[in-house]
2 protein chains.
Amino acid sequence: MTKNKDFWRRIESALNVIGGKWKLLIVIALKDGTQRYSDISHKFPEISERMLVKQLREMEHDGIIIRTVYPVVPAKVEYSLTQSGEKLIPVLKILGLWSLIYLGSEVIGEDLSGPVEVDSTKLNQLIEDIDGILKDVHTKLNRKEDPV
Amino acid sequence: MTKNKDFWRRIESALNVIGGKWKLLIVIALKDGTQRYSDISHKFPEISERMLVKQLREMEHDGIIIRTVYPVVPAKVEYSLTQSGEKLIPVLKILGLWSLIYLGSEVIGEDLSGPVEVDSTKLNQLIEDIDGILKDVHTKLNRKEDPV
DNA sequence: CTGTATCCTTCCAGATACTG
DNA sequence: CAGTATCTGGAAGGATACAG
C-alpha cells in the first residue's frame with residue numbers, strides 16, 4: 001500500500017504541474033487539438049511571450065504537452081497534449097464540478113451566478129472517463145493480482 | 001447548459017482555492033478532524049505563523065474551512081473542514097491517482113519510485129464518493145428535470 | 001514565425017519582534 | 001495560545017528590443 005504521506009505528496013506534485021496563473025489556460029488552448037505557438041499566443045494575449053515560452057517548456061518537461069518543430073522557414077512549432085495531458089481533462093472537470101456546486105459565487109467572481117444546467121450525456125461521459133483512469137490505476141499498479 | 005468558458009473559469013477558481021504552497025497541507029492537517037491552531041502549526045513547522053494565518057483566513061473566506069473561537073484564556077481557536085472542504089478530499093485523491101499513474105517520477109522527486117499497491121476497498125470508496133458528488137451536481141442543478 | 005536577452009517593477013514570503 | 005506588525009531579499013512577471 002502506498003504510504004499516505006507519499007500519496008499526498010503526489011497530489012502536491014499534480015497541483016504544481018497544473019497550478020500557477022497560466023498553465024490551465026494552455027491546457028484549455030490545447031484540449032481540442034494541436035495548436036501552433038501563435039495560435040495559443042493569439043488566443044490568450046494576456047500571456048506575455050516570455051511567460052508563454054516558460055510555461056510551455058515546463059509543461060513539456062512535466063510530460064503533459066509535446067512540442068513538435070518543423071524545420072521550415074518561417075519557423076513552425078506545434079504543441080499538443082500528451083496522453084497524460086488528455087487524461088488530465090476529466091480530472092479537471094471533476095474539479096470544476098466541485099467548484100460549481102460547493103464554491104460560493106462570491107469566491108468565483110459575481111458574473112457567473114446565472115442559472116446553470118448540466119448535460120446528462122456529458123456527465124455520463126465524464127463518469128466513463130474517470131472509470132477509465134481508475135482502470136488504469138488498477139492495471140498499472142496491481143498487475144500481480146488477478147485482473148478484474 | 002453552462003457555457004464552456006464559464007466552466008473553465010470555475011476550474012480556475014478551484015485551483016486558486018487549493019493552489020499555492022500551503023493550502024493543501026492545511027487540508028491534510030484537517031482531513032481527519034478538527035485541529036487547534038497550534039496543532040496545525042506544530043504539524044507543519046515549515047509554515048511560518050504569518051503565512052499560516054493568511055492561508056487560514058483565505059480558506060475560511062473561500063468556505064472550505066471553519067474557524068471557531070472559544071472565549072477563554074489562554075485563547076483557543078479550532079479549525080475544521082466545512083462540507084465543501086470534505087467533498088474536496090475525494091477530488092484531490094483523483095488528482096493524486098492521476099499523478100501516480102501519468103506523471104514520471106522525475107517530476108515528483110525521485111525518492112518515491114518504490115513499488116506501489118492500491119487498496120481496492122479504498123478505490124471503491126473513492127468511486128462512491130465521486131458518484132456522490134455527481135449526484136449532488138444533478139440534484140442541485142437540474143432540479144426542474146425529472147429526478148433520476 | 002518562434003522564440004532570446006535584458007532590464008525593471010512589483011509582489012510574495014521569510015525572519016523577527018511584539019500583543020491581547 | 002493565537003495571533004499582528006514591520007522590515008527586507010528574492011523571485012515572479014511585464015515591457016521592449018533583438019535574432020535565427
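## Chain A at a glance

Of the 148 residues that make up chain A, 45% count as buried. Keep in mind as you read that this is a predicted model. Chain A contains seven helices and three strands. If you walk along the chain from the N terminus, you meet these elements in the order α-α-β-α-α-β-β-α-α-α.

How do contacts in chain A spread along the sequence? Take the contacts between residues at least 6 apart in sequence: 49% of them join residues at least 24 apart.

One residue to look up in the viewer is A:E128, which sits in helix 7 (residues 120–141) of chain A. Is A:E128 buried or exposed? With a relative accessible area of 53%, A:E128 is exposed, because the cut-off for that word is over 50%. From A:E128 to A:W98 there are 30 residues in sequence, and their C-alpha atoms are 17 Å apart in space.

## Two copies around an axis

Now bring in chain B. A turn of 180 degrees, with a shift of 0.0 Å along the axis, lays chain B on chain A with an RMSD of 0.1 Å. The two copies are therefore related as by a two-fold rotation axis. To find that axis from the side of chain B, look for B:G19: its C-alpha is the one in chain B nearest the axis, 3.2 Å from it.

Through which surface do the copies meet? 100% of the interface residues of chain B are also interface residues in chain A, so the copies meet through the same surface.

## The nonpolar core

In soluble globular proteins, nonpolar side chains tend to be buried together. Here, the largest nonpolar core has 96 residues. Which residues have the most contacts inside this core? They are A:W98 and B:W98.

Let us stay with B:W98 for a moment. Leaving aside its neighbours within four places in sequence, B:W98 is in contact with several residues of chain A, namely A:A14, A:V17, A:I64, A:S84, A:K87, A:L88 and A:V91. From chain B, B:L103 is on the list as well.

## A buried lysine

B:K23 belongs to helix 2 (residues 23–30) of chain B. This lysine is buried, with a relative accessible area of 5%; the word applies because that value is under 20%.

What does the side chain of B:K23 meet there? A polar contact of 2.6 Å joins it to the side chain of B:E58. Not counting residues up to four places away in sequence, B:K23 touches B:N16, B:V17, B:I18, B:Q55, B:E58 and B:M59.

## Around DNA strand C

The model also holds DNA, and strand C is a good place to begin. There are 17 residues around DNA strand C, and A:R36, A:S38, A:R57, A:R67 and A:Y79 come nearest. Of the atoms of DNA strand C that come within 4 Å of the protein, sugar and phosphate account for 68%.

Some individual pairs are worth finding. A polar side-chain atom of A:S38 is 2.7 Å from a phosphate oxygen of the strand, and a polar backbone atom of A:V77 is 3.4 Å from a phosphate oxygen. A:E49 reaches a base instead: an N or O atom in its side chain is 3.2 Å from a base nitrogen of DNA strand C.

Which element gives the most to this surface? It is helix 4 of chain A, with four residues. By type, the residues of the surface divide into eight nonpolar, one polar and eight charged.

## Around DNA strand D

DNA strand D is surrounded by 18 residues, the closest being A:R50, B:S38, B:E49, B:R67 and B:Y79. Sugar and phosphate make up 62% of the atoms of DNA strand D that come within 4 Å of the protein.

Here too you can look at single pairs. A polar side-chain atom of B:Y79 lies 2.8 Å from a phosphate oxygen of DNA strand D, while a backbone N or O atom of B:V77 lies 3.2 Å from a phosphate oxygen. A polar side-chain atom of B:E49 lies 2.9 Å from a base nitrogen of the strand.

Two or more residues of the surface near DNA strand D come from each of these elements: helix 4 (49–62) of chain A, and helix 3 (37–43), helix 4 (49–61) and strand 3 (76–81) of chain B. Helix 4 of chain B gives the most, with four residues. The surface divides into nine nonpolar, one polar and eight charged residues.

Terms used. Residues are numbered from 1 along each chain as its sequence is written. Chains are lettered from A and ligands numbered from 1 in the order in which they are written. This is a predicted model: local features need pLDDT of at least 70, side-chain atom pairs count only at pLDDT 80 or more; totals for chains, interfaces and linings use all residues. Side-chain values use heavy atoms; hydrogens and water are left out. A nonpolar core is a set of buried Ala, Val, Leu, Ile, Met, Phe, Trp, Tyr and Cys residues joined through side-chain atoms within 4.5 Å. Buried means under 20% relative accessible area, exposed over 50%, partly exposed in between (1.4 Å probe, protein chains only). Contact means heavy atoms within 4.5 Å. A residue is near a molecule or strand if one of its heavy atoms lies within 4 Å of it. A polar contact is a pair of N or O atoms within 3.5 Å; within protein, one must be able to donate a hydrogen and the other to accept it, and residues adjacent in sequence count only if both atoms are side-chain atoms. Ala, Val, Leu, Ile, Met, Phe, Trp, Tyr, Cys and Pro count as nonpolar, Asp, Glu, Lys and Arg as charged, and the others, Gly among them, as polar. Copies are superposed by least squares on the C-alpha atoms of residues with pLDDT of at least 70 in both.
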